[in-house]
2 protein chains.
Amino acid sequence: MTALSLSPSLAAPQHPIDALGHIGVRMTFSPGEEIYAQDEDADMFYRVIRGAVRTTRLLSDGRRQIGDFYYADDLIGLEAGPVHRFSAEALGCCEIQVIRKSALKLYGDEGVKIERLIWAETARELQRTQEHVMLLGRKSACEKVASFLLDIARRFRGEVAELPMGRQDMADYLGLTIETVSRMVTQLQTEGLVRFLGCRRFEVRNATGLACLVET
Amino acid sequence: MTALSLSPSLAAPQHPIDALGHIGVRMTFSPGEEIYAQDEDADMFYRVIRGAVRTTRLLSDGRRQIGDFYYADDLIGLEAGPVHRFSAEALGCCEIQVIRKSALKLYGDEGVKIERLIWAETARELQRTQEHVMLLGRKSACEKVASFLLDIARRFRGEVAELPMGRQDMADYLGLTIETVSRMVTQLQTEGLVRFLGCRRFEVRNATGLACLVET
DNA sequence: GCCCAGCCTTGATCAGTGTCAATGCGCCGG
DNA sequence: CCGGCGCATTGACACTGATCAAGGCTGGGC
């Protein structure tokens, strides 16, 4: 690690993720398949090449919380400790690059670059998790769903957006039940803020109205 | 707020945090005083020497969420981006070591050690934030308060524990209202799980009973 | 094209938590 | 010692979101 990359997001070359190149192996996973398990040894980390992934954690009585959703070029499985604290599962079919941490030593300068990348991604993940805390702690069901849809929609730049997850996953991410998510989606649609075409495709019809629901 | 003189520490570096030694300045803050502000430039980071600190974030309409509480030897103000995304405030009187990130360059090898320390702390913070997400997303008011008290109590190893924050801060950390926190505290006491001596001091009377409320 | 399974939506009701308001308690200054 | 202020507690009630229970849609296989 070179000294002092304290603001990793500022030091932004074109595609830092490319440093990972073809290290490790590529694997494909089918819908719902587990990529790694909660409490499993964390000697690998993963890069999403194609598709979408959720990380989930179960309480002992079965309540489920989704940590986050990940898309192409996101890194997952970075851990401070020796084990994975969430499990990761493919949402649909997806392709994943699997990298053994200990293998990085073999890559010299390149390995150093990658370490820096990992640190930057960890810091970014912290930011995202802090946003998630705001969402869960202080937003109403309606605001939660609106925030979520707006987040997804941003990835599609005005095109029709496609949800890679079902209502249960949305609920477990937002700290709601599936019924409440469904009701809020219906409500946002009734109010003309979004329009659904089937239950996984939607478009934002009133971006400013939606943004009003999403306090920052 | 008063800048203190830099005094060399006598302790030999054993804890990794000691790498920070006496770099930077020490300052004291009085109860409620702001250490840094939300959206302020993040060119410093901070180490709690004595006392306790909260980080908070406000939504535009005034709803408040507390990110976390920090105690002696915790680092705060580490950010991925260029600005602080939460503000930090002293809970009681506290002493803080303030370190300018750019100053680390001057410390060569020591600077590299510190950079590693910062990375480790960021990863640890991510873990803590993920626990916070579980708490907010999937726990009842009663479980939230029980988790919180148990967490605090652990820092006092069976002794009478002292809450460094008031009910409002607990509420804003747990995503509840002050009234609900108060009711849950009363309920836990009625059930004989904890006993309060004044509203900021308590002891755990039935650790296993309390632990049962805190699913993992 | 039809059927079926799985997911999604909707409705009715309920529990938990928030809100509003009043009261209590403890600490500090005078 | 007393009074007042700020925080905490308690109570009554409202409301959000959960729960339970039907249906409805949709997409894939035959």
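1. A good place to start is DNA strand D: helix H4 of chain B gives the largest share of the surface near this strand, six residues. Please keep in mind while reading that this is a predicted model.

2. Looking around DNA strand D as a whole, you will find 18 residues, of which A:Ala141, A:Thr180, B:Gly166, B:Ser182 and B:Thr186 come nearest. Both chains supply elements with two or more residues there: chain A does so through helix H2 (141-154) and helix H4 (178-190), and chain B through helix H3 (167-174) and helix H4 (178-190). Sorted by class, this surface has eight polar, six nonpolar and four charged residues.

3. Next, the two protein chains. A turn of 180 degrees, with a shift of 0.0 Å along the axis, lays chain B on chain A with an RMSD of 0.1 Å. That is the relation of a two-fold axis.

4. Where the chains touch, chain A puts in 36 residues and chain B 35 residues. On the chain B side, strand E6 (64-70) and helix H1 (108-138) are the elements that give two or more residues. Helix H1 of chain B gives the most, with 18 residues. By class, the side of chain B that touches chain A has 13 polar, eleven nonpolar and eleven charged residues.

5. What share of the interface residues of chain B are also interface residues in chain A? The figure is 80%, so the copies meet through the same surface.

Definitions and conventions:
Residues numbered from 1 in each chain as written. Chains lettered and ligands numbered in written order. Predicted model: local features only at pLDDT ≥ 70, side-chain atom pairs only at ≥ 80, totals over all residues. Least-squares fit on C-alpha atoms with pLDDT ≥ 70 in both. Contact = placed C-beta atoms within 7 Å. Near = placed C-beta within 6 Å. Helix = DSSP H or I, 4+ residues; strand = E, 2+ residues; numbered from the N terminus. Nonpolar A, V, L, I, M, F, W, Y, C, P; charged D, E, K, R; others polar.
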